[in-house]
Amino acid sequence: MQSLLTVIVTWLSINFGLPPVYEHPRVEFVSAAKMMEVRYGRLPSNRPEGVGAKAVHSAPTEFGHDVHAIYDDLSRTIYLPEGWTGETPAEVSVLVHELVHHLQNVAVLKYDCSEAREKPAYLAQARWLELFGKSLADEFEIDAMTILVRTNCMR
Ligand SMILES: [Zn+2]
C-alpha cells in the first residue's frame, strides 16, 4: 500500500501540480455500516439535516447514496471499503480521489467551498480511469452534470 501511495502522489504532483507530500495518510478498511457511521456520525458538516454544521475540519467527500470512500482531514485517514483490493482501475481511482483530498489537507490548500475541493479530486480520478480506457460514467455512473454540481460552489 505504501508504495502504491508513493506512486500515486508522484503521479498527482506531475500531472496536477499538487504538492508532492510523502507523509502518507492512514488507510483503514471499513464495512459499509462503519462507512456510513464515519460519514454521518463523525463528520459534523456531513449531517444531512445540517446539525452542528460548523466544524470544517472534515470536508464532505462524496455526496449521494453511493459512498465509495471517505477521507477524514482531522485524523488524516482514508477509509476504504472492506473488500477493496486495488486490483481494478476503478478501485485504485477511488484511492487517487481520496489522496487528492489528503494532499489538499496536508498542504493546507484553500478552496472557496467544499465542492471546489472536489474538482481536482474528480479530475484526477477521471484521468486515472482514462489511462485504462475507462470513465467515471462507466465505472461509477457519475455523469458530467453530476460532476458539475459536485464541484462548483452553489451557495
Ligand atoms: Zn471527494
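Colleague: What covers the buried residues of α4?

Modeller: In this predicted model, the cover includes α1 (2-16), α3 (89-106), α5 (136-140) and α6 (144-151).

Colleague: Which residues of α4 are called buried?

Modeller: Buried means under 20% relative accessible area. In α4 that label goes to Glu-115, Ala-116, Arg-117, Glu-118, Pro-120, Ala-121, Tyr-122, Ala-124, Gln-125, Trp-128 and Leu-129.

Colleague: How do you know that the span of helix α4 agrees with its number of residues?

Modeller: Helix α4 holds 17 residues, 114-130. The expected span is 1.5 Å times one less than that number, so α4 should span 24 Å. Its end C-alpha atoms are 25 Å apart, which agrees.

Colleague: Why are α4 and α6 called oblique to each other?

Modeller: Look at the angle. The two helices pack at about 135 degrees, with their axes 7 Å apart. Roughly perpendicular covers 65 to 115 degrees, and roughly antiparallel needs over 145. The angle of α4 and α6 fits neither, so the pair is oblique.

Colleague: Which residues make that contact?

Modeller: From α4 come Glu-115, Ala-116, Glu-118, Lys-119 and Tyr-122. From α6 come Ile-147, Val-149, Arg-150 and Thr-151. By class, the contact has 4 nonpolar, 1 polar and 4 charged residues.

Colleague: What makes up the largest nonpolar core?

Modeller: This core has 29 residues. Touching the most other members are Ile-8, Leu-12, Leu-80, Leu-95, Val-96, Leu-99 and Phe-140. At least two residues each come from α1, β3 (77-81), α3, α4 and α5. α3 gives the most, with 9 residues.

Methods
Residues are numbered from 1 along each chain as its sequence is written. This is a predicted model: local features need pLDDT of at least 70, side-chain atom pairs count only at pLDDT 80 or more; totals for chains, interfaces and linings use all residues. Side-chain values use heavy atoms; hydrogens and water are left out. Helices (H or I, at least four residues) and strands (E, at least two) are DSSP runs, numbered from the N terminus. Buried means under 20% relative accessible area, exposed over 50%, partly exposed in between (1.4 Å probe, protein chains only). Contact means heavy atoms within 4.5 Å. A nonpolar core is a set of buried Ala, Val, Leu, Ile, Met, Phe, Trp, Tyr and Cys residues joined through side-chain atoms within 4.5 Å. Axes are lines fitted to C-alpha atoms, for helices over the stretch in contact, and angles run from 0 to 180 degrees between N-to-C directions. Angles under 35 degrees count as roughly parallel, over 145 as roughly antiparallel, 65 to 115 as roughly perpendicular and the rest as oblique. Ala, Val, Leu, Ile, Met, Phe, Trp, Tyr, Cys and Pro count as nonpolar, Asp, Glu, Lys and Arg as charged, and the others, Gly among them, as polar.
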